[in-house]
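Here is a short tour of one model, written to be read with the structure open beside you. We will go from overall confidence to the fold, and then to some aromatic rings and cysteines.

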Amino acid sequence: MHIKNIGSGCVENMSDIRMKIGYKCSHLEVPTVFIDDYLTDCLPVYPLIYIWSLRRLLDGECATFLEISEHFRVTEGDVIKAWRHWEKEKLVSITSSKNGMEITFLPVHGKSELAREQRAELSLLPSPPKPEARPNYTTQELACYRNESPDIERLFSRAEKTLGKLLSYNDMNVIFGFHDWLRLPIDVIEFLMEYCEENDHRTLRYIEKCAMDWADRGINDVAQAADYVQNFDRDYRTILRHAGASGYPTPAQRKYMDKWLNELNMPLELIIEAVDRCVEKINKFDKKYTEKILTEWNKKDIFTLEAVAAGDSEFAQNKPARPASKAKPNRFVNFKQRDIDYSQYEKLERDYLEKKYNAQ
């Protein structure tokens, strides 16, 4: 009997393994979500062990640790690590006992579906309060996290690529706080950095502002982050660009844009039209002036550009004609013109010239 400690505090009987399928399955079928979601986040041999063992089990044979290790030319410890990996991914459940290990194959779900289920479970539990201020981590703590966690090491490497420099102690302190303090998942932080890099926002201060906003909005997976970025790009950034602004919207800017989009329920194209009219009228953007235009359209049930054009036409037709303006009295207008007969001057000049010519 081969007994080995696999480092998790429990002892596994390596020579005794039992497997069973925990769902109805009459033939071997590899779901597309297994290929899409589970092949790249582990050693290449792990999926092979999973599929090969499932194939053997469907033929009524249960592969032992030794058979698996010999077939794939890996150690029995690597086989144990593979099954623990699939247990962590919730594709198998493992029951350990003195007589060995029992592995039950579970239905394969996409990671996004599992994430939704986990969020639903976590939403029923009270979340621990977030400290008001970001903690300061010691250099020893940061070094420990970086050495012990491949995810943190990968995060710091990604941050160096985004910022275009080696990270200082303060940089690592802030970035690790995104995960430890703001409780953003590592993959969400990586997505955030990629998004900032693509939009040429490479300052840590800007990235931290985005991270705090995402944390306040409860964004805890990449799908939510992608949806938020798409909406932000489509609406907020378009409005800010027409208003002559750029960058991440401030809470005050987001507040009045949310009002236009949600409370007044105005389409994006009408908001842009109102902003453009404001800038054309007063040569600058003014949120109060823009909101006055939008509120007036909302009251008149104007929600399309065609309706705006029709309203402009009706206003022009019903606009009263302005009376002709009279010149204001001033010293030039009140000046009394002299009545001069210039023909008399011309006649005198001709007579003078004739006399002068005859005298010669």
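What is the mean pLDDT of the protein chain? The mean is 79, and 78% of the residues reach 70 or more, where pLDDT is the predictor's confidence in each residue, from 0 to 100. Over residues 1-15 the pLDDT is below 50, yet this stretch has 32 contacts in the model beyond near neighbours in sequence; a contact means heavy atoms within 4.5 Å. Residues 122-127 also have a pLDDT below 50, with 0 contacts beyond near neighbours in sequence.

A word on conventions: this is a predicted model, in which local features need pLDDT of at least 70 and side-chain atom pairs count only at pLDDT 80 or more, while totals for chains, interfaces and linings use all residues. Residues are numbered from 1 along each chain as its sequence is written, and side-chain values use heavy atoms, with hydrogens and water left out.

**Fold**

The protein chain has 16 helices and 5 strands; these are DSSP runs numbered from the N terminus, helices being H or I with at least four residues and strands E with at least two. Of its 360 residues, 33% count as buried, meaning under 20% relative accessible area, with exposed over 50% and partly exposed in between (1.4 Å probe, protein chains only).

Helix α3 (residues 65-72) makes a nice close-up: its buried residues are F65, I68, S69 and F72. Seen down the axis of α3, they fall within an arc of 95°, so they line one face of the helix; the arc is that of the directions from the helix axis to the C-beta atoms. Just after α3, R73 takes a positive phi of about 55°.

**Aromatic rings**

The whole structure holds 14 aromatic pairs. Rings of Phe, Tyr and Trp (its six-membered ring) pair if their centres lie within 6.5 Å; planes under 30 degrees apart count as stacked, over 60 as edge-to-face and the rest as tilted. Two of the pairs are set out here.

| Pair | Type | Centre to centre | Between planes |
|---|---|---|---|
| W214 and Y228 | edge-to-face | 6.3 Å | 85° |
| Y256 and F285 | tilted | 6.4 Å | 40° |

W214 lies in helix α10 and Y228 in helix α11, so their pair ties together parts 14 residues apart in sequence. Both W214 and Y228 are buried.

**Cysteines**

Why does C196 form no disulfide with C210? Because their sulfurs are 4.3 Å apart, too far for a bond; a disulfide is a pair of cysteine sulfur atoms within 2.5 Å. The count comes to 0 disulfides.
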